[in-house]
Amino acid sequence: MYTNIRKGLYILHNNDIYKIIDFLHVKPGKGYAFIRTKLKNIMTGNILEINFSAKHKIKKEKIEIESYRYLYRCQNLYYFMNIKNYDQIQIEKKLIKNIEFLKEGIEFNIFFHVKNNNKIILFIKNNPTVILKVKYTESVKKGDTINKANKIAILETKTKLLVPSFINSGEYIKINTDSKSYIERVRK
């Protein structure tokens, strides 16, 4: 029955897992009652607006979100440690987005789909920003900052990133992990 719908509930719809982010019970003057929902796909982030009839059965899914700390990499496997119970898990490279900003010690939320008491890793939610040290960048002469607005920097994760010309080796910068772009210089 649709009466068990609530915000934050995870459901299976068209073989994808969605989180209910909003809903409204509608009882029109004519016709049957229905529920208007706004669903967010937990894998892609896409939002759907769907109406369910009063007779529609919704299949709930159990999703657990746990905090893990990135430890190290060995070939195509990445090792993470649960912050609460210190259990370690290994995750394949393909399940990690924006892997070029992965640094030892950073905490992540890992989403698990629980079926028959078995946990299946769905994905790792990256932090929207990360602070990394600039290992190397070319130094710019005082007058060259007018002509050159940006330059390439090599970060501590060995990733190359376009940064403003005033950034020097050894400085820390904040990076947007989604757009893979420089945000600001950070004083440490």
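**Exercise 1.** In this predicted model, how does the radius of gyration of the protein compare with that of a compact globule of 188 residues?

*Solution.* Begin with the reference value, which for a compact globule of 188 residues would be near 16 Å, and set beside it the 23 Å of the protein. Next, consider the box filled by the C-alpha atoms, which along the principal axes comes to roughly 75 × 40 × 25 Å.

**Exercise 2.** State how many helices and strands the protein has, and what share of its residues is buried.

*Solution.* The secondary structure consists of zero helices and 15 strands. Taking buried to mean under 20% relative accessible area, one finds that 37% of the 188 residues fall into this class. As for the surface, the protein exposes about 12400 Å², of which carbon and sulfur atoms supply 49%.

**Exercise 3.** Describe the largest nonpolar core and the strands that supply it.

*Solution.* First, count its members: the largest nonpolar core has 26 residues, and those with the most contacts inside it are Phe-80, Ile-110, Leu-155, Ile-173 and Ile-175. Then turn to the strands, where at least two residues of this core come from each of several elements, including β7 (77–82), β9 (107–115) and β14 (172–176). Now follow one residue: leaving aside residues up to four places away in sequence, Phe-80 touches, among others, Tyr-68, Leu-71, Ile-89, Phe-108, Ile-110 and Ile-124. Finally, a second, separate core of ten residues includes Tyr-18, Ile-20, Ile-35 and Ile-50.

**Exercise 4.** Find how far apart the mean positions of the positive and negative charges lie.

*Solution.* With 36 positive and 17 negative charges in the protein, the two mean positions are 4 Å apart.

Methods
Residues are numbered from 1 along each chain as its sequence is written. This is a predicted model: local features need pLDDT of at least 70, side-chain atom pairs count only at pLDDT 80 or more; totals for chains, interfaces and linings use all residues. Side-chain values use heavy atoms; hydrogens and water are left out. Helices (H or I, at least four residues) and strands (E, at least two) are DSSP runs, numbered from the N terminus. The radius of gyration is taken over C-alpha atoms; the globule rule is 2.2 Å times the number of residues to the power 0.38. Buried means under 20% relative accessible area, exposed over 50%, partly exposed in between (1.4 Å probe, protein chains only). Accessible areas come from the Shrake-Rupley method with a 1.4 Å probe; for residues, only the protein chains shown count as cover. Lys and Arg count as positive and Asp and Glu as negative; His and the chain ends are not counted. The place of a charge is taken as NZ of Lys, CZ of Arg, CG of Asp or CD of Glu. A nonpolar core is a set of buried Ala, Val, Leu, Ile, Met, Phe, Trp, Tyr and Cys residues joined through side-chain atoms within 4.5 Å. Contact means heavy atoms within 4.5 Å.
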